[in-house]
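Student: I would like to go through this model slowly, one question at a time, with the reasoning spelled out. Please show the sequence and the structure before we begin.

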Amino acid sequence: MSVDLADSAQQVAEMKEIISECPALKIAIGHFGMVTRRDWQEQIKLARNEHVMIESGGITWLFNDEFYPFTGAVWAIKEAIDLVGVEKLMWGSDYPRTIVAITYRMSYDFVVKTNLLTEEEKALFLGKNAEMFYGFNNLQQLPYIKNMSE
C-alpha cells in the first residue's frame, strides 16, 4: 500500500489501526511524512513497524522555499534516521510533478552531493532500501537521459 497522509499527525491513529489489523501489509508512507508540517515526526515513527517504510517523493516540493541543494531536507532525513533508522527510509522523486520547479536529477542529486550523510546512508536511501522493500532484483542500470526536463 502506498499512501500520502494528511498534514501532521491527523491520520496517524488510523494508520496504527491498519498496521495492527494487517501486520504483514507492506506500507510506503509518502511525502516523507509531510516533513515541513507540524508533528511530521509522528508519521515517520510509523516506520518503527516491521513492514512500514517512509518514501521521500515530494520532499523537494515541501522544501521548495529554500530550493536546491535542499539542506533543510537533508537535515530532515538525518532526523528521520535518528527516529527510525536509515533502513526504513527510501528516495522518491515525485516526478513528473516536480518538473515545474526542478529537474529530475536535482530530485536526487541533493542527496548524492551532501556531506551530511555517509556513503552507506546514501546508498540505502537512494536505492538499496527500495530494492529490499519491493523485492526488486537484477535491476539493470539505465542510461542517463539527457533533456529529461533539464
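Student: Is K113 buried or exposed?
Tutor: This is a predicted model, in which local features need pLDDT of at least 70 and side-chain atom pairs count only at pLDDT 80 or more, while totals for chains, interfaces and linings use all residues. Residues are numbered from 1 along each chain as its sequence is written, and side-chain values use heavy atoms, with hydrogens and water left out. A residue is called buried under 20% relative accessible area, exposed over 50% and partly exposed in between, with a 1.4 Å probe and protein chains only. Because the relative accessibility of K113 is 56%, this residue counts as exposed.

Student: Which residue forms a salt bridge with K113?
Tutor: A salt bridge here is a side-chain nitrogen of Lys or Arg within 4 Å of a carboxyl oxygen of Asp or Glu, and helices (H or I, at least four residues) and strands (E, at least two) are DSSP runs numbered from the N terminus. The partner of K113 sits 4 residues away in helix α5 (residues 106–113), so that about one helical turn separates the two. This partner counts as buried because its relative accessibility is 10%. The closest N and O atoms of the pair are 3.1 Å apart, and the residue that joins K113 is D109.

Student: What covers the buried residues of α5?
Tutor: The buried residues of α5 are M106, S107, D109, F110 and V111. What covers them includes α3 (59–62), α4 (71–84) and α6.

Student: How many salt bridges does a search of the whole structure find, and which one links distant parts of the chain, 30 residues apart?
Tutor: Side chains of opposite charge can pair when their charged atoms come close. Within helix α2, K45 and E42 have their closest N and O atoms 3.0 Å apart, but these two lie 3 residues from each other, so about one helical turn separates them. The search of the whole structure finds 5 salt bridges. The pair linking distant parts joins the loop between β2 (27–29) and α2 (40–45) to the loop between β1 (2–3) and α1 (12–21), with its closest N and O atoms 3.3 Å apart, and consists of R37 and D7.

Student: In what order do the strands of the open sheet stand?
Tutor: Two strands pair if DSSP finds at least two bridges between them, and β2 and β3, for example, pair in the parallel sense over 3 bridges. β1 and β4 (89–90) are the edges, each having a single partner strand, so one side of each has no neighbour in the sheet. The 4 strands, with parallel pairing, follow the order β1-β2-β3-β4.

Student: Which residue of β3 is the bridge partner of I29?
Tutor: The residue in question is buried, since its relative accessible area is 0%. Taking contact to mean heavy atoms within 4.5 Å, and leaving aside neighbours within four places in sequence, its contacts include I29, F32, Q43, I44 and L89. The bridge partner of I29 in β3 is I54.

Student: What value does phi of F32 take?
Tutor: Most residues other than glycine have a negative phi, and most peptide bonds are trans. F32 lies in the loop between β2 and α2, and this residue counts as buried because its relative accessibility is 0%. H31, found in that loop, has a positive phi near 55°. F32 has a positive value as well, near 50°.

Student: Which two residues does a cis peptide bond join?
Tutor: The proline of this pair lies in the loop between α3 and α4. With omega at about 15°, the cis peptide bond joins Y68 and P69.

Student: What is the volume of the largest pocket?
Tutor: A pocket is an open set of points on a 1 Å grid over the protein atoms alone, where a 1.4 Å probe fits and protein lies on both sides within 12 Å along at least five of seven lines, and lining residues have an atom within 4 Å of a point. Its lining has 23 residues, of which W91, Y104, L126, Q141 and L142 lie nearest the centre, and the largest share, 6 residues, comes from helix α6 (residues 119–134). With grid points joined across faces, edges and corners, a volume is the space filled by probe spheres set on the points. For the largest pocket that volume is about 920 Å³.
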